[in-house]
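This report looks at how selected helices, cysteines and one acidic residue sit within a protein chain. The sequence and the structure come next, and the discussion follows.

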Amino acid sequence: MRQQPSMTTPIDRPWKRPGRAAYARARFVAFRKPPITVYPMPDDVVKDEDVAVRMRDGVTLRLNLYRPAKAEGLLPVLLCAHPYRKDALPKLKRGHWSVNPQFRIMNQSEPLRISDQTSWEAPDPVWWAQHGYAVANLDTRGGGRSEGRGDLLSDQEADDIAQVIGWLASQPWSNGRIGMLGVSYLALSQYKVAALNPPALKAISPWEGFTDAYRDFFTAGGVVENGFARVWLAITKRAARLVSDMSVDRRQHPLRDAWWQELTPDLAKITVPILVCASFSDANLHSVGSMRAFQRVSSPERHVYTHRGPKWATFYGAEALRHQVDFFDKHLRQLDATTLPSMRLEVRDRRDHVVEVRDESQWPLARTQWTRLFLGVDGAMGVAPDAAGEISFDLKREASAFEYRFDTDTELSGPMNLRLTVTTHGATDPRLFVGVEKWADGAPVPFEGSYGFGRDHVAQGRLRLALRQLDPTSAPHRPEHRFDAELPVRDGEPMDVQIPLSSSATLFRAGESIRLLIGGRYLQPRNPLFGHFPTHYEPSKSGRATLTWSHEDPAFLEIPIVPLDARQA
């Protein structure tokens with residue numbers, strides 16, 4: 001174990017590290033020319049544009065339909081539904097393909113290939129049609145060419161999609177078995193309709209989609225996110241005609257009240273077979289909610305695909321496509337397809353190196369050895385409680401830092417949890433931000449993060465201290481907060497705090513360290529070249545925080561150790 005010369009560090013220090021300039025150059029190149037190959041739709045795929053589907057209230061929704069030109073027999077159908085405009089497709093201009101500007105805003109660190117009919121975060125309809133599927137790309141109510149005014153994440157949206165599913169199942173070219181597939185909002189739109197259990201919906205694959213808008217994205221840890229949230233809300237406002245402005249509504253509901261609950265799907269009502277993608281590289285948006293879906297749906301047949309690679313390169317990549325095809329071939333084509341594992345677990349030791357991919361059956365893993373690393377003096381963490389101690393830091397400018405060095409190769413696969421006793425002084429509405437890093441050879445090891453950020457922590461979490469009240473129904477090793485009532489935060493009054501951190505699957509080699517950072521604002525910069533753009537969480541405005549611990553009242557980071565000699569093949 002290596003002792004730190006100081007238990008505090010300037011909060012801007014974590015990103016002033018070797019490799020920043022090279023990373024910035026690579027990101028600038030990817031911004032100018034995203035590594036995306038676009039190919040034109042060939043003659044063996046036919047497209048029907050603006051196919052009208054009339055809702056029972058008289059509103060007409062429209063979809064683009066893709067089918068193989070020479071289909072043999074009836075076709076299974078994949079549906080994706082979103083407000084982003086189905087016709088916002090790559091365009092060929094002066095011999096070059098223009099792609100969605102979000103591919104520039106959110107860094108593309110690995111290449112991907114899509115057809116010119118692939119809209120934002122939708123399955124490539126040409127690829128799927130060439131593999132024997134019909135693909136329907138739907139403008140949800142108020143979006144694109146569909147009529148009416150939409151309501152994001154609403155019961156109305158789910159009912160509309162259920163009606164479209166019924167319509168697709170009734171078409172003479174359809175085999176009557178419908179699935180849903182897509183990333184982000186195209187994943188979110190699947191949950192509520194699946195909970196309605198329309199008869200023709202036979203399988204869903206929400207590929208990275210949060211399940212609780214408050215907890216997972218807009219106000220994670222009770223802290224308002226107004227970076228990517230602003231970008232996304234502006235995009236949806238421009239793309240669709242909506243009944244309300246969520247950017248206004250969210251400010252009127254700072255607590256997780258009935259308005260937020262209405263946006264939240266009832267996962268327990270989902271019984272249809274499900275393939276979830278729950279990446280470890282999207283902790284600022286989809287990771288926590290995706291894993292929640294895998295854990296809480298009632299589907300007898302459920303699978304989860306984990307990874308820590310780039311979002312879109314993974315979704316359109318060969319291995320993920322094999323998983324998707326095997327899943328839908330079984331449930332939509334009723335073929336004797338390869339049986340998927342309950343979990344595909346990918347373990348990495350750095351951003352660009354996969355150590356192992358193996359099959360698992362649950363999350364967290366049943367054989368996990370939950371281990372506490374206790375905070376101690378001189379910035380050390382240890383496996384036994386230390387003597388009484390404390391550390392104080394400025395909430396705006398500093399972070400406390402603690403480190404533990406592993407003596408043997410150690411796999412940490414699962415969520416982490418931080419328990420603290422915190423006292424604040426001169427603070428107005430304080431919040432804590434937590435990062436867990438891996439260090440090797442005196443430098444931090446980077447990982448893939450949300451929005452293409454390539455210098456991410458292993459795990460992270462945050463908490464507005466006024467919203468520290470725990471939900472009594474929290475699962476073991478995974479505390480969850482209520483977020484429905486504020487508790488007082490008084491100067492000099494100790495508070496018992498638990499902060500859940502995002503899941504990961506990370507191998508630490510012997511001699512490498514796990515480093516814990518605790519600060520009063522987000523621990524990454526927002527600079528678009530080397531920072532975590534466009535992420536931004538509202539920071540603590542003032543004051544100091546003091547962490548205290550003793551034998552009787554320890555502070556600790558709980559980590560999920562998976563015994564290397566007991567891993568499944």
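## Helix H10 and its surroundings

A residue is called buried here when its relative accessible area is under 20%, and exposed when that area is over 50%. The model is a predicted one, and the statements below should be read with that in mind.

By this cut-off, helix H10, which runs over residues 287-296, is mostly covered, seven of its ten residues being buried. The buried residues are Ser287, Gly289, Ser290, Met291, Arg292, Ala293 and Phe294. They pack against two helices, H5 (185-196) and H6 (213-218), and against three strands, namely E12 (274-277), E13 (302-305) and E14 (343-350).

## Helix H7: one buried face

Helix H7 covers residues 228-239, and its twelve residues, at 1.5 Å a residue, should span 16 Å, which agrees with the 16 Å that separates its end C-alpha atoms. Its buried residues are Phe228, Ala229, Trp232, Leu233, Thr236 and Ala239. Seen down the axis of H7, these buried residues fall within an arc of 135°, and therefore they line one face of the helix. As general background, an α-helix has 3.6 residues a turn, so residues three or four places apart point the same way.

The face of H7 turned away from the buried side carries Arg230 and Arg238, both of which are exposed. On the buried side, the elements that cover the residues of H7 include H5, H6 and helix H8 (246-249). Helices H5 and H6 are also among the elements against which the buried residues of H10 pack.

## Cysteines without a disulfide

How many disulfides does the model contain? The count comes to zero. Cys80 is in no disulfide, and the nearest cysteine sulfur, that of Cys277, is 17 Å away. Because a disulfide requires sulfur atoms within 2.5 Å, the 17 Å between the sulfur of Cys277 and its closest counterpart, in Cys80, is too far for a bond.

Are these two cysteines buried or exposed? Cys80 counts as buried, at 1% relative accessibility, and Cys277 is likewise buried, with a relative accessible area of 0%.

## Asp139 in strand E9

Asp139 is found in strand E9, which comprises residues 134-139, and is buried, with a relative accessible area of 0%. Leaving aside neighbours within four places in sequence, Asp139 is in contact with Leu61, Arg62, His82, Arg85, Lys86, Gly144, Arg145 and Ser146.

Technical notes. Residues numbered from 1 in each chain as written. Predicted model: local features only at pLDDT ≥ 70, side-chain atom pairs only at ≥ 80, totals over all residues. Heavy atoms only, no water. Buried < 20%, exposed > 50% of the residue type's maximum accessible area, 1.4 Å probe, protein only. Helix = DSSP H or I, 4+ residues; strand = E, 2+ residues; numbered from the N terminus. Contact = heavy atoms within 4.5 Å. Expected span 1.5 Å × (residues − 1). Arc of directions from axis to C-beta.
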